[in-house]
Amino acid sequence: MKNMSVLPVNRRHLLTTVGVLALCCTGVLAWAADEAPEAFIKRITNDTLSTIKADKALRNGDIGKIMQLVDSQLMPHVNFRRMTALATGPAWRKATPEQQKRLQDEFKVLLVRTYSGALSQVSDQVVVVKPLRAGQEDKNLVVNTEVRGKGDPIQLDYRLEKTPGEGAGWMIFDLNVLGVWLVENYRTQFTKEINAGGIDALIASLAARNKTNAKAS
């Protein structure tokens with residue numbers, strides 16, 4: 001696979017890292033009642049920035065520690081299966097359960113490794129959550145935020161689905177950084193791989209890229 005990076009290594013890279021790590025930190029506290037979506041996003045993003053700033057290993061992009069964080073705290077609070085299915089497109093429904101699991105696992109590794117190197121760039125950023133737009137559906141609700149620090153504010157949006165009674169009552173399944181939705185961007189790349197060689201070719205390409213990234217880390 002020649003180009004599986006979502007965004008250039010610049011401010012987009014940093015802010016997507018903040019978003020991905022925000023997903024990772026949603027399990028820090030247990031909440032008895034469902035939160036408002038804006039409160040949910042505000043809490044996890046602030047917790048994320050605090051965690052990164054306080055942890056030298058995270059700031060330095062320790063992939064082992066990041067993977068532990070993802071495995072213990074990410075999966076229960078993010079509909080990663082839905083995220084992977086949306087990125088894969090129609091081919092997901094035709095894939096076997098084993099193929100779906102392998103694809104989901106490789107996609108997770110790719111996302112974490114892609115952005116681990118940007119953690120050292122987190123410094124004085126703060127997250128401002130904007131008022132929720134009226135009339136949105138609970139299965140596809142967007143919370144808009146801005147990450148502010150040095151330079152211009154940077155757009156970082158979260159797409160949520162309502163999960164009553166589960167955790168904070170919401171699950172995240174997509175991110176938008178400066179107008180680029182992560183799922184849509186990957187779907188374009190995945191579709192090319194699938195059209196060229198099928199679902200197994202996509203899995204093989206992801207696995208190969210992950211191995212290359214692991215050797216470089």
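**Confidence, sheet and a buried aspartate in the predicted model**

The chain has a mean pLDDT of 80, with 75% of its residues at 70 or more; pLDDT is the predictor's confidence in each residue, on a scale from 0 to 100. Because this is a predicted model, local features need pLDDT of at least 70 and side-chain atom pairs count only at pLDDT 80 or more, whereas totals for chains, interfaces and linings use all residues. Residues are numbered from 1 along each chain as its sequence is written, and side-chain values use heavy atoms, with hydrogens and water left out.

Confidence varies along the chain. Among its elements, helix 1 (residues 11-24) has the lowest mean pLDDT, 55, and helix 6 (residues 91-94) the highest, 96; helices (H or I, at least four residues) and strands (E, at least two) are DSSP runs, numbered from the N terminus. Residues 1-10 stay under a pLDDT of 50, and the model has 26 contacts for them beyond four places in sequence, a contact being heavy atoms within 4.5 Å. The pLDDT is also below 50 over residues 24-32, a stretch with 18 contacts beyond near neighbours in sequence.

Turning to the sheet, five strands form an open, antiparallel arrangement in the order 1-2-3-4-5; two strands pair if DSSP finds at least two bridges between them. Strand 1 (126-129) and strand 5 (180-181) are the edge strands, each pairing on one side only. Strand 5 joins strand 4 (residues 170-177) in the antiparallel sense over two bridges, and here valine 177 stands opposite valine 180. Helix 2 (residues 37-54) lies across strand 1, strand 2 (141-148), strand 3 (154-162) and strand 4, and runs at about 175° to strand 1. Such angles run from 0 to 180 degrees between N-to-C directions, with axes fitted as lines to C-alpha atoms, for helices over the stretch in contact.

Strand 4 also holds aspartate 174. With a relative accessible area of 4%, aspartate 174 is buried (under 20%; exposed is over 50% and partly exposed in between, with a 1.4 Å probe and protein chains only). Leaving out residues up to four places away in sequence, aspartate 174 touches Met83, Asp157, Tyr158, Arg159, Trp181, Leu182 and Val183. Its side chain reaches the backbone nitrogen of leucine 182 at 3.4 Å.

Helix 5 (residues 80-88) has Phe80, Met83, Thr84, Ala85, Ala87 and Thr88 as its buried residues. Met83 is also among the residues that aspartate 174 touches. Just after helix 5, glycine 89 adopts a positive phi of about 85°.

How values were computed:
A polar contact is a pair of N or O atoms within 3.5 Å; within protein, one must be able to donate a hydrogen and the other to accept it, and residues adjacent in sequence count only if both atoms are side-chain atoms.
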